[in-house]
Amino acid sequence: MASMASLSASYPKYTSNFPTRCTHLLYDLCLVPRNLPLMKKGSFSDLTIVRSSNQTESMIDSTDKLSDIPLLSCLEAIEKLKHNRENNKGNQQYLAMYSSIFGGIVTDEAAMVIPMDDHMVHRGHGVFDTAIIANRHLYELDQHVDRIVKSATMAKIILPFDRETIRRILIQTVSVSKCTNGSLRYWISAGPGDFQLSSSGCHQPALYAIVIEDKSLFDSKGIKVVTSSIPMKPPQFATMKSVNYLPNVLSKMEAEEKGAYAAIWLDDDGFVAEGPSMNVAFITKEKEMLMPKFDKILSGCTAKRVLTLAEGLVREGKLGGIRVNNVSVDEGKSADEMMLIGSGVLVRPVIQWDEQVIGDGKEGPITQTLLNIILEDMKSGPSSVRVPVPY
C-alpha cells in the first residue's frame with residue numbers, strides 16, 4: 001500500500017491564484033462513517049456479482065452478508081477509485097477538475113469527486129452550464145457564465161466567488177488540462193453541510209468544473225424525433241439550467257426506446273417547446289426561420305447565436321426572414337426543414353417527427369448551411385464569442 005506521502009505527491013499542487021476553501025485534499029475524498037460497527041475486512045473479489053437483464057453495470061448481490069463487505073481506509077478507497085477509473089474508460093476523457101472544496105485543480109480522475117452531503121447531490125440544489133473548447137478557445141464562455149450566474153440567482157444560491165473570479169478559474173482549469181478540443185462543464189451548488197432539505201446548514205456554496213476531451217465529431221446526419229409523453233418542467237424551472245434533469249433523462253430514454261434520437265416537448269398550450277437538452281427550429285415553406293419563444297424554455301446560448309448568424313442568410317436572400325414566436329405542431333411538422341440546436345449537437349437536421357417525414361426526408365440545405373456557419377464561427381468568430389486559452 002502506498003504511503004500517504006507518496007500518494008499525495010502524485011497530485012499536482014496549486015498553491016496560488018485560487019481562492020482556498022479546504023487544503024486537505026485526500027481526506028476530503030473519503031467521508032468515513034464515525035460510528036459504524038467494526039466490519040470484517042475482505043476483498044471485493046469475495047463478493048457475489050450479479051447482472052440484471054437490462055443493466056450493463058454489475059451490482060452486489062443483496063443476499064451477501066454485511067460482514068462480507070470490507071471496511072476500507074481512506075487510502076484503500078482512493079486506490080479503489082483509481083482502479084475503477086482505469087478500468088472503466090469510455091469515449092470521454094476527464095483531463096482536469098477544479099473544486100472550491102479542494103481549493104485547486106486535480107488531474108487524476110480518481111480525485112474528481114464531490115462530497116455526498118453537497119445539497120446538489122441529494123437535493124438537486126445546484127445549477128450548471130457548459131462551454132465548447134474549440135481550436136484552443138472557449139466558445140461563448142461569457143454568454144454561458146452570464147447564464148449560470150442568472151440560474152444561480154433564480155435557484156437562490158449565493159455565488160461562491162464573483163463573476164470574474166469564476167471566469168478566471170474556468171479558463172485556468174482548461175489551461176491546466178491542455179485540452180484544445182472538447183468541452184468544459186461547471187456547477188455552482190448550495191454546497192456541502194448536511195442531509196437536510198433546506199440549504200441553511202450548508203457551510204458555503206461550491207464551484208466545480210471539469211474538462212472533458214471528446215474527439216467525436218459533430219454529426220450532420222438526419223435524425224428522427226418523437227413527441228415526449230414526459231411532462232416538461234414548468235417555466236420557473238425550465239428557464240433555469242438546474243441539475244434537476246430527471247424529466248430530461250426520461251424524455252431522452254423514451255425517445256431511444258422508440259428508436260429516435262430525442263423527444264420534443266410541447267408546452268401546456270400545445271405549442272412546440274424544446275428537446276431534452278437542445279432547442280428546436282424550423283424552416284418554413286416560405287424559407288422563414290421559425291423558433292419557439294424562450295419564455296417557457298431554456299434560453300439556449302447556441303440557439304441565440306444561430307439566430308444572429310442566420311441574419312446573414314437573410315441579407316443574402318437565402319432566408320426570407322427570422323421569427324421567434326409560438327409554433328404549433330402542425331406548423332412544425334409541415335415545415336421544409338427541422339433542426340435541433342445546442343452546444344452538444346450544434347445544428348442537427350431532423351428528417352422525421354413521429355410518423356411525419358419532414359420536407360423531402362433528407363437533411364435540409366439551410367440546416368447544413370447553419371451548421372457550417374457556426375463551425376466557422378467557432379474557428380474564426382469575433383472575440384465576443386471566442387476566449388483564448390493560455391496553454
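**Reasoning about a predicted model**

Mentor: In this predicted model, 71% of the contacts between residues at least 6 apart in the sequence of the protein chain join residues at least 24 apart.

Trainee: What makes a pair of residues count as a contact?

Mentor: Heavy atoms of the two residues must lie within 4.5 Å.

Trainee: What makes up the secondary structure of the protein chain?

Mentor: The protein chain has eleven helices and 17 strands. One of the helices is α9, which covers residues 301-315.

Trainee: How do you know that the span of α9 is close to the one expected?

Mentor: The expected span is 1.5 Å times one less than the number of residues. Helix α9 has 15 residues, for which 21 Å is expected, and its first and last C-alpha atoms are 22 Å apart.

Trainee: Which residues of α9 are buried?

Mentor: Among them are Cys301, Arg305, Leu309 and Leu313. In an α-helix there are 3.6 residues a turn, so residues three or four places apart point the same way. Just after α9, Gly317 has a positive phi of about 85 degrees.

Trainee: Why is Ile114 called partly exposed?

Mentor: Buried means under 20% relative accessible area, and exposed means over 50%. Ile114 has a relative accessibility of 33%, so Ile114 counts as partly exposed. Ile114 is placed in the loop between β4 (104-106) and α4 (119-122).

Trainee: Which residues make the nonpolar surface patch with Ile114?

Mentor: Met116, Val121 and Phe195 make the patch together with Ile114, and its area is about 360 Å².

Trainee: How much of the protein chain is buried?

Mentor: Of its 391 residues, 46% are buried.

Notes
Residues are numbered from 1 along each chain as its sequence is written. This is a predicted model: local features need pLDDT of at least 70, side-chain atom pairs count only at pLDDT 80 or more; totals for chains, interfaces and linings use all residues. Side-chain values use heavy atoms; hydrogens and water are left out. Helices (H or I, at least four residues) and strands (E, at least two) are DSSP runs, numbered from the N terminus. Buried means under 20% relative accessible area, exposed over 50%, partly exposed in between (1.4 Å probe, protein chains only). Patches are made of residues with over 30% relative accessible area and no salt bridge: like charges are joined within 9 Å, nonpolar side chains (Val, Leu, Ile, Met, Phe, Trp, Tyr) within 5 Å. Accessible areas come from the Shrake-Rupley method with a 1.4 Å probe; for residues, only the protein chains shown count as cover. A salt bridge is a side-chain nitrogen of Lys or Arg within 4 Å of a carboxyl oxygen of Asp or Glu.
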